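Work through the exercises below with the structure open beside you. Each task is followed by a solution in steps.

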Amino acid sequence: MSTIAAISTAPGIGGIGIIRMSGEECFEVLNKIFIPKNKGKIESYKIKYGKIVNSENGEEIDEVLVSYFIAPKSYTTENMCEINSHGGIVVMNKILEQCLKNGAVLAEPGEFTKRAFLNGRIDLLQAEAVIDVINAKSSIEAKASVNQLRGTLSQKINSIKQKIIDIMVDIEASIDYPEYDVEEVTNEKARASIEDILNDLKKLENSFDDGKIIREGIKTAIIGTPNAGKSSLLNAILDEERAIVTDIEGTTRDTIEEFITIRGIPLKLIDTAGIRKAKDEVEKIGIEKSKEYVRNSDLIIAIFDATKELQQDDIEILEMIKNKNAIIVLNKEDLNQNRLNKEEKILKSGKKVISISALKKTGIEEIYDEVARLFNINKIEIEDGEFITNIRHKNSITNAIKKLEKAEKTMLDNMPIDIISIDIKEALEELGKITGDSVSEDIIKEIFKKFCLGK
Ligand code: GDP
């Protein structure tokens with residue numbers, strides 16, 4: 001394979017920059033542009049100090065540190081080096097240019113990881129985990145991705161695949177040696193085994209809901225009548241979490257989604273304001289719109305102005321959140337005229353009721369406590385890593401379940417065993433798509449397209 005090169009650090013100016021190369025001729029290319037102070041032989045995982053020069057005129061480009069990784073013990077399993085230069089854009093580009101002029105080609109996005117996959121060091125699941133680690137928006141998501149990268153999920157899928165292969169071997173044997181009349185025994189054994197596999201797969205399939213929360217955050221909407229304090233509460237939450245707020249473009253023009261982490265729990269706050277925008281435009285969030293938010297959310301924070309008696313709209317809001325994960329917030333406690341804390345309709349709602357002042361930022365912590373209690377996300381067993389966060393994986397698992405259920409039914413109908421083996425084989429292929437051993441070139445391309453350059 002060709003020798004590839006790319007700038008691996010983020011575009012822009014930084015303290016240091018890293019230019020990475022991988023391929024058979026990596027060290028030959030490096031030799032033409034790097035003059036190390038210590039001319040001794042290179043060793044894996046060792047660093048040399050020296051300068052990168054223009055190979056044509058010897059002009060010094062930068063003072064650098066180069067680390068060496070000798071095949072097969074490298075990220076890609078090929079010879080690799082990483083040139084640590086100063087982090088200026090011009091300098092990094094000049095070094096990259098020298099690599100390219102002296103025999104390397106520019107790496108495509110994700111090509112280093114793709115090589116690690118194609119060379120068999122990691123499977124597709126682990127390669128995908130690399131992107132997830134990089135893109136993780138919360139520490140819990142990062143932890144889940146690191147587990148996947150370590151191969152925990154791969155091991156689980158592989159053990160299920162092995163069980164399917166065992167069934168296939170038995171079936172093949174009974175087809176090849178029909179005179180032994182083992183078909184009935186095989187059938188019984190296969191059915192028990194399929195049951196067992198289906199159990200495992202369904203557990204994984206169900207784990208996707210937790211996985212989705214980890215990946216996408218709990219969709220949270222703050223609803224309430226005009227002036228209840230929606231924007232103020234949103235701002236109070238965002239202010240506190242300012243450092244880790246990321247704007248995600250919403251699906252509609254007037255909703256913005258903000259990703260925040262509360263007590264380690266990722267929340268995707270649906271900014272029903274456009275709430276904040278609506279304020280300026282005098283347009284206020286109506287009941288109809290609130291209904292839509294309620295429908296689409298995993299968690300509702302219903303906020304009421306505690307200085308006022310319940311209005312008809314408030315009663316409708318209480319009705320809307322009846323069957324949802326919801327927290328009732330009585331706002332403006334700083335005004336000391338709480339008319340709602342004894343309100344029957346609120347007390348009977350069965351939801352946690354919290355008095356706050358969005359303005360003075362009191363009671364906000366209590367909201368966080370309730371979020372943590374409601375979702376108790378730490379219960380999700382991140383440690384064992386046996387859950388899925390990726391829709392591609394989920395689809396393959398669902399398909400494999402369907403195939404195995406079909407096989408099971410065919411067995412119950414006493415169909416010939418070779419017909420059953422077709423479905424079983426297809427189930428195996430579906431699982432192979434997850435780890436990447438039976439996946440099409442197109443899918444591989446799609447997956448690595450999502451990577452950044454230099455990874
Ligand atoms: P929204 O229409 O639900 O978004 O409500 P806003 O957040 O815009 O608040 C409406 C008005 O109530 C504003 O004048 C806020 O300053 C005020 N307000 C919001 N929260 C509090 C609070 O906790 N205490 C007091 N005293 N006023 C508040």
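**Exercise 1.** In this predicted model, decide whether D170 is buried, partly exposed or exposed, and find how the side chain of D170 pairs with that of K189.

Solution.
- Step 1. The relative accessible area of D170 is 25%. Buried means under 20% and exposed means over 50%, so D170 counts as partly exposed.
- Step 2. The side chains of D170 and K189 form a salt bridge, with 2.7 Å from N to O.
- Step 3. D170 belongs to helix α6 (residues 152-176) and K189 to helix α7 (residues 183-216), so the salt bridge ties together parts 19 residues apart in sequence.
- Step 4. K189 has 52% relative accessibility and counts as exposed.

**Exercise 2.** Find which helices hold E405 and K202, and state how many residues apart they are.

Solution.
- Step 1. A salt bridge joins the side chains of E405 and K202, at 3.0 Å from N to O.
- Step 2. E405 sits in helix α14 (residues 391-412) and K202 in helix α7, 203 residues apart, and the pair links distant parts of the chain.
- Step 3. E405 is partly exposed at 33% relative accessibility, and K202 is also partly exposed, with a relative accessible area of 33%.

**Exercise 3.** Describe the placement of E97 and K101 along their helix.

Solution.
- Step 1. Both residues lie in helix α2 (residues 89-101), four residues apart, which is about one turn of the helix.
- Step 2. Their side chains meet in a salt bridge of 3.5 Å, N to O.
- Step 3. E97 is partly exposed at 39% relative accessibility; K101 is partly exposed with a relative accessible area of 49%.
- Step 4. The structure holds 24 salt bridges, and a network of them links K156, K163, D196 and D200.

**Exercise 4.** Work out what surrounds the ligand and which polar atoms lie beside it.

Solution.
- Step 1. There are 18 residues around the ligand, and N227, K230, S231, S232 and D334 come nearest.
- Step 2. The shell consists of six nonpolar, seven polar and five charged residues.
- Step 3. Helices α8 (230-240) and α9 (274-280) each supply at least two shell residues; the largest share, three residues, comes from α8.
- Step 4. A polar side-chain atom of N331 is 3.0 Å from a ligand nitrogen atom. An N or O atom in the side chain of S357 lies 3.0 Å from a ligand oxygen atom, and a backbone N or O atom of L359 is 3.1 Å from an oxygen atom of the ligand.
- Step 5. Of the 570 Å² of accessible area that the ligand has on its own, the protein covers 81%.

Definitions and conventions: Residues numbered from 1 in each chain as written. Predicted model: local features only at pLDDT ≥ 70, side-chain atom pairs only at ≥ 80, totals over all residues. Heavy atoms only, no water. Near = heavy atom within 4 Å. Polar contact = N/O pair within 3.5 Å; in protein donor to acceptor, adjacent residues only side chain to side chain. Areas by Shrake-Rupley, 256 points an atom, 1.4 Å probe, with all protein chains shown as cover. Nonpolar A, V, L, I, M, F, W, Y, C, P; charged D, E, K, R; others polar. Salt bridge = Lys/Arg side-chain N within 4 Å of Asp/Glu carboxyl O. Buried < 20%, exposed > 50% of the residue type's maximum accessible area, 1.4 Å probe, protein only.
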